[in-house]
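Student: I have a structure open and would like to talk through some of its side chains. Could you take me through it slowly?

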Amino acid sequence: VNHGKGLGNIYVSDGNGTRYTLSLEDVVGVRGMSAFEKVSNLKGIFFANIWDLKDHAGFLAPPSSPHGKWLDEGDFGLQDMSTQAQSERSIRYLKAGSDQPWQKLAKRRLKATESVRSVISFDAGGIWTHLTPPQVDSRGQKIDCPPKSCWLHIHDTTFLGKFVPFYSYDKAQGIIMGTGNVGPHLSYNLNESNTYLSRDGGRTWSEVHNGVYIYEFGNHGGVLTMADVVHPIREVVFSLDEGKTWNEVTLSDQAMNVTNILIEPTAVSTQFVAYGSRGGKGVLYHLDFDKLGWKPCALPSSPGTEGSDYEIWVPRDHKTISFKGFVQEVKKGCLLGRKISYTRRKQTAKCFIKEKKQLPVRYQTCECTPADFECEVDFYRPGGNGACLPNPELVGRLDQADKLILTQAQAEDLFPKEHLEQCANGAKSFFVERYRRVPGDGCDGGWAPKDAKFSIPCPSVEPASSGSVPRLLLLCGLALAAAWLWRSGRLQSWIEYWGASKYDSVRQVREQTGSEMGSAPRWTPPAVPGASVVSF
């Protein structure tokens with residue numbers, strides 16, 4: 001949800017999609033695009049870039065503030081693009097090239113370079129953690145990084161014309177690619193950006209090439225291709241073992257500027273098209289990896305067995321999570337309460353997958369852990385991690401209820417009616433849930449929150465009849481006064497006088513027409529003892 005000033009929040013609904021709770025704060029938004037992505041080939045894995053710039057007093061400085069401003073004011077406007085449409089646009093960008101309105105951002109020099117951090121969730125927004133950085137770069141050299149603030153940061157769709165975004169595809173299980181950097185914050189300097197790959201759904205990452213590259217997946221992730229989009233090139237880089245090794249294929253002796261690499265819509269073939277420009281003219285090259293003559297992969301229905309070119313791959317949550325000050329190991333192989341076993345080609349198998357459809361998937365239920373729960377409405381995890389605490393809005397409502405005696409209507413605005421009924425029946429307090437199961441989570445048994453319920457004291461509510469007694473007495477007094485005036489004859493005289501006065505006023509106005517209206521004398525009522533004179 002866009003909250004203005006270039007920032008928004010991520011909210012997660014319950015299973016019915018009717019009640020929402022805060023999942024992540026201060027998500028970056030530029031030109032109506034949110035820095036929020038979902039992993040297309042795995043369920044429940046989300047990625048986001050959050051704003052983390054503080055002002056001189058230590059408070060959050062929004063992107064649109066004088067201290068944090070890095071773009072033009074118009075860049076923070078909300079446009080008509082849903083998260084689903086945004087994800088599809090990210091894919092279309094890599095399939096067909098970026099759109100013109102975004103190209104002007106490519107030449108923009110950004111002022112703020114220490115303001116954005118990348119985070120990832122493996123439980124549909126329940127808990128957010130930093131991305132684990134690789135230990136060495138693509139040349140095998142150790143990456144120099146501050147130990148306490150060493151994370152991987154990946155660019156999103158908010159700068160399509162400048163950086164290639166976070167990218168996954170549904171038929172390439174577990175494979176994600178992106179451009180970014182290792183360090184305390186995301187860098188918007190092209191010279192500090194490199195290309196990264198994960199083959200386990202974002203849990204671990206490796207640097208596959210220095211510099212910003214455009215990439216595409218084929219053959220269920222068995223063929224990966226990429227090319228430099230910043231400098232003129234003569235070759236395209238490819239991998240046939242899911243990024244373990246990379247090779248080059250020369251396109252021409254003459255350098256070209258690559259715009260994109262394309263594949264057919266289902267992304268299961270082994271043929272690609274690399275296109276760009278040279279000397280102001282368009283250039284297109286066809287890459288056909290079938291020419292390698294590799295055999296079709298064997299025995300997809302028997303993965304992991306001798307003679308099969310397929311393996312069983314089980315994604316799992318981040319290695320550890322922090323909960324109430326403790327670090328707890330997540331049950332191996334479980335994601336959203338299920339152990340999901342995917343079938344994919346062995347990393348080093350020299351074969352191509354000929355099946356066009358999704359490969360077999362198997363499910364097994366896991367025991368519950370803290371990662372299978374998220375915060376209920378009115379509660380949140382500070383920083384996206386830890387125990388569920390009352391959010392500032394709930395704290396404000398409790399403070400208001402503690403200091404004031406509320407009317408019934410005010411109380412119902414602050415608290416659910418069913419809880420107020422408990423208070424009306426003599427209860428001193430009522431309980432609300434801190435946690436709820438992550439929507440779509442299928443865990444069973446195991447861990448359950450011990451402090452799942454939060455006690456709220458019953459508010460002081462004035463009785464429903466207390467305000468009606470004075471009003472009833474006032475009405476009775478007015479009725480008695482009217483009866484006395486009627487019996488004395490004074491009420492009839494006033495009615496006759498005011499009725500006649502208004503009738504004469506209407507009659508005199510109707511009798512004046514045309515030019516006579518302007519010279520009509522002012523009307524004054526006859527003198528009545530005790531009455532004041534009013535002129536119209």
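Tutor: Let us begin with Glu311 and Arg344, whose side chains meet in a salt bridge at 3.2 Å, N to O. A salt bridge here is a side-chain nitrogen of Lys or Arg within 4 Å of a carboxyl oxygen of Asp or Glu. This is a predicted model, in which local features need pLDDT of at least 70 and side-chain atom pairs count only at pLDDT 80 or more, while totals for chains, interfaces and linings use all residues. Residues are numbered from 1 along each chain as its sequence is written, and side-chain values use heavy atoms, with hydrogens and water left out.

Student: Where do Glu311 and Arg344 sit in the chain?

Tutor: Glu311 is in strand S21 and Arg344 is in strand S24, residues 338–345, so the pair, 33 residues apart, links distant parts of the chain. Helices (H or I, at least four residues) and strands (E, at least two) are DSSP runs, numbered from the N terminus.

Student: Is Arg344 buried or exposed?

Tutor: Arg344 counts as buried because its relative accessibility is 4%, whereas Glu311, at 22%, counts as partly exposed. Buried means under 20% relative accessible area, exposed means over 50%, and partly exposed lies in between, with a 1.4 Å probe and protein chains only.

Student: Why would two side chains pair up like that anyway?

Tutor: Side chains of opposite charge can pair when their charged atoms come close.

Student: How many salt bridges are there in the whole structure?

Tutor: A search of the whole structure finds nine. One of them joins the side chains of Glu242 and Arg199, at 2.5 Å from N to O. Glu242 lies in the loop between strand S15 (235–239) and strand S16 (247–250), and Arg199 in the loop between strand S11 (194–198) and strand S12 (206–210), so this pair ties together parts that are 43 residues apart in sequence. Glu242 is buried, at 4% relative accessibility, and Arg199 is partly exposed, with a relative accessible area of 22%.

Student: Which residues are linked in a network of salt bridges?

Tutor: Arg199, Glu242, Glu311 and Arg344 are linked in such a network.

Student: OK, new topic. Which residues form the negative patch on the surface?

Tutor: Glu412, Asp413, Glu418 and Glu421 form it. Patches are made of residues with over 30% relative accessible area and no salt bridge, where like charges are joined within 9 Å and nonpolar side chains (Val, Leu, Ile, Met, Phe, Trp, Tyr) within 5 Å. Lys and Arg count as positive and Asp and Glu as negative, while His and the chain ends are not counted. The place of a charge is taken as NZ of Lys, CZ of Arg, CG of Asp or CD of Glu.

Student: Which helices supply the residues of that patch?

Tutor: Helix H4 (408–414) and helix H5 (417–424) each supply at least two of them. Glu421 has its place in helix H5, and its 43% relative accessibility is why Glu421 counts as partly exposed.

Student: And what forms the nonpolar patch?

Tutor: Val1, Tyr11 and Tyr20 form a nonpolar patch on the surface, with about 310 Å² of accessible area together. Accessible areas come from the Shrake-Rupley method with a 1.4 Å probe, and for residues only the protein chains shown count as cover. Tyr20 belongs to strand S2, residues 20–30.
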